[in-house]
Amino acid sequence: MVRNSSRLAPAVLVLSLALAVPAVAQRVSGPPSGGNQKASVSQWIGPVEVNVTYNSPKVIAPDGTDRRGKIWGGLVPYGMSKDAFGTCGDECPWRAGANENTVFRASGDVKVEGQPLAAGSYGLFMIPGPEEFTVIFSKNSASWGHYYYTSKEDALRVKVKPRKAPYTHWLTYDFVERKPSEATVVLRWDELEVPIRIEVPDVDALYLAEIRNELRNRTGFDWQAWDEAAEFCLQKKVNLPEALKWADFAAHAPFTGQENFKTLSTLSQAQAANGMADAAKATMQKALEHPTATVTDLHMYGRQLQAQKKDDEATAVFLLNAKRHPDVWPVNVGLARAYSAQGKTKEALAAAKKALAQAPDDANRNNLKGMIAKLEKGESIN
């Protein structure tokens, strides 16, 4: 299944980076050369997909030799290597895997170790060293090994620090240290890992571009989409003027808009974020009084106000909830908190005990028991 020419045997012997695989690529389908199975790992960083596809050699050689502790600076030499095959000459980096090129793909523009790299596919090479690795992203991603590597095709080079790691038998790539706008892809093999930090610049702007496009298609025919778009901006504190337009559209647009507790409360937040304090207050009051405002809506809004240290406003919401939805869960929980904030411990304790009898599950019952214990000691529960 694999074409191995005996005339190439002397050259194969000196291919220091061949990782015990033939120098000639497979021509037909079959198992991977040298048993170096193909693998792929992907990670979304914001709306950008980053992928590494590679062939994975193991520490034990195909002939059974245990190469543990002999990979780095041994099987994988430090620095550039010489190769009699191909055209890389004495400037041959490590292919960062086995067999075909290891390929790094990004569906959008990224930064690698702080340096810009355009969206696309790249051959991933490395120049290993005991203290530092140079990571190379080559515009040529379709070659076999390093044999035709040339620095003229480099798109980017960055330097990273290798670090000790738990033993890994198969060469493996993985994404770690994930954050909303960045992640670190690490190569692990033997007892070493090589971390490469990938960042997506201005993730929020990319999301906004996608949101704008989505609102122009059938997604935009639902008020929920406009409300979610406004909420995204409010949570991220970006694009606030447009967020106000989107929130108003969710509540009032012809055919699409719908006034309800959700759209009105989002509109109130958008008005407040744009400096329209009086309008925000009036809109929120309208939301609280709207027939769609459920007992849970009112309770959670009261808790939100408490988190903002607006105890008087929270108390008013809890009392409104009790008037609108008398003696139901979780109204009595809210009343307990409201009375506690007013210093009315006796009333708070009575409401908490009522709530305990209404609690729907053990988690809430245990939480209420803790509240009651505090109230019985004369402590506040807010």
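Biologist: How many residues lie between β9 and β10 in their hairpin?

Modeller: In this predicted model, strands are DSSP runs of E with at least two residues, and helices are runs of H or I with at least four, numbered from the N terminus. β9 covers residues 163-179 and β10 covers residues 182-199. The two form a hairpin, and the number of residues between them is 2.

Biologist: Thanks! How many bridges join β9 to β10?

Modeller: Strands pair if DSSP finds at least two bridges between them. β9 and β10 run antiparallel, and the number of bridges joining them is 9.

Biologist: Which residue in β10 stands opposite Y173?

Modeller: The antiparallel strands β9 and β10 are the place to look. Opposite Y173, in β10, you will find L187.

Biologist: Before we go on, what should I know about the numbering and the model?

Modeller: Residues are numbered from 1 along each chain as its sequence is written. Local features need pLDDT of at least 70 and side-chain atom pairs 80 or more, while totals for chains, interfaces and linings use all residues, and side-chain values use heavy atoms, with hydrogens and water left out.

Biologist: How many salt bridges are there, and how far apart in sequence are the parts that R68 and E191 tie together?

Modeller: A salt bridge has a side-chain nitrogen of Lys or Arg within 4 Å of a carboxyl oxygen of Asp or Glu, and the count is 15. R68 forms one with E191, their closest N and O atoms being 2.8 Å apart. R68 sits in the loop between β2 (48-56) and β3 (98-106) and E191 in strand β10, so the pair ties together parts whose separation in sequence is 123 residues.

Biologist: Is E193, the partner of R188, buried or exposed?

Modeller: R188 forms a salt bridge with E193, with 2.7 Å between the closest N and O atoms. Buried means under 20% relative accessible area, exposed over 50%, and partly exposed in between (1.4 Å probe, protein chains only). R188, at 22%, is partly exposed. E193 has 8% relative accessibility, so it counts as buried.

Biologist: Which helices do D227 and K262 lie in?

Modeller: D227 forms a salt bridge with K262, the closest N and O atoms being 2.6 Å apart. This pair ties together parts that are 35 residues apart in sequence, because D227 and K262 lie, in that order, in helices α3 and α5.

Biologist: And how buried or exposed are D227 and K262?

Modeller: D227 has a relative accessible area of 3%, so it is buried. K262 has 31% relative accessibility, so it counts as partly exposed.

Biologist: Which residues do salt bridges that share partners join into one network?

Modeller: We have already met two members, R188 and E193, as salt-bridge partners. Shared partners make one network of R163, D174, E177, R188 and E193.
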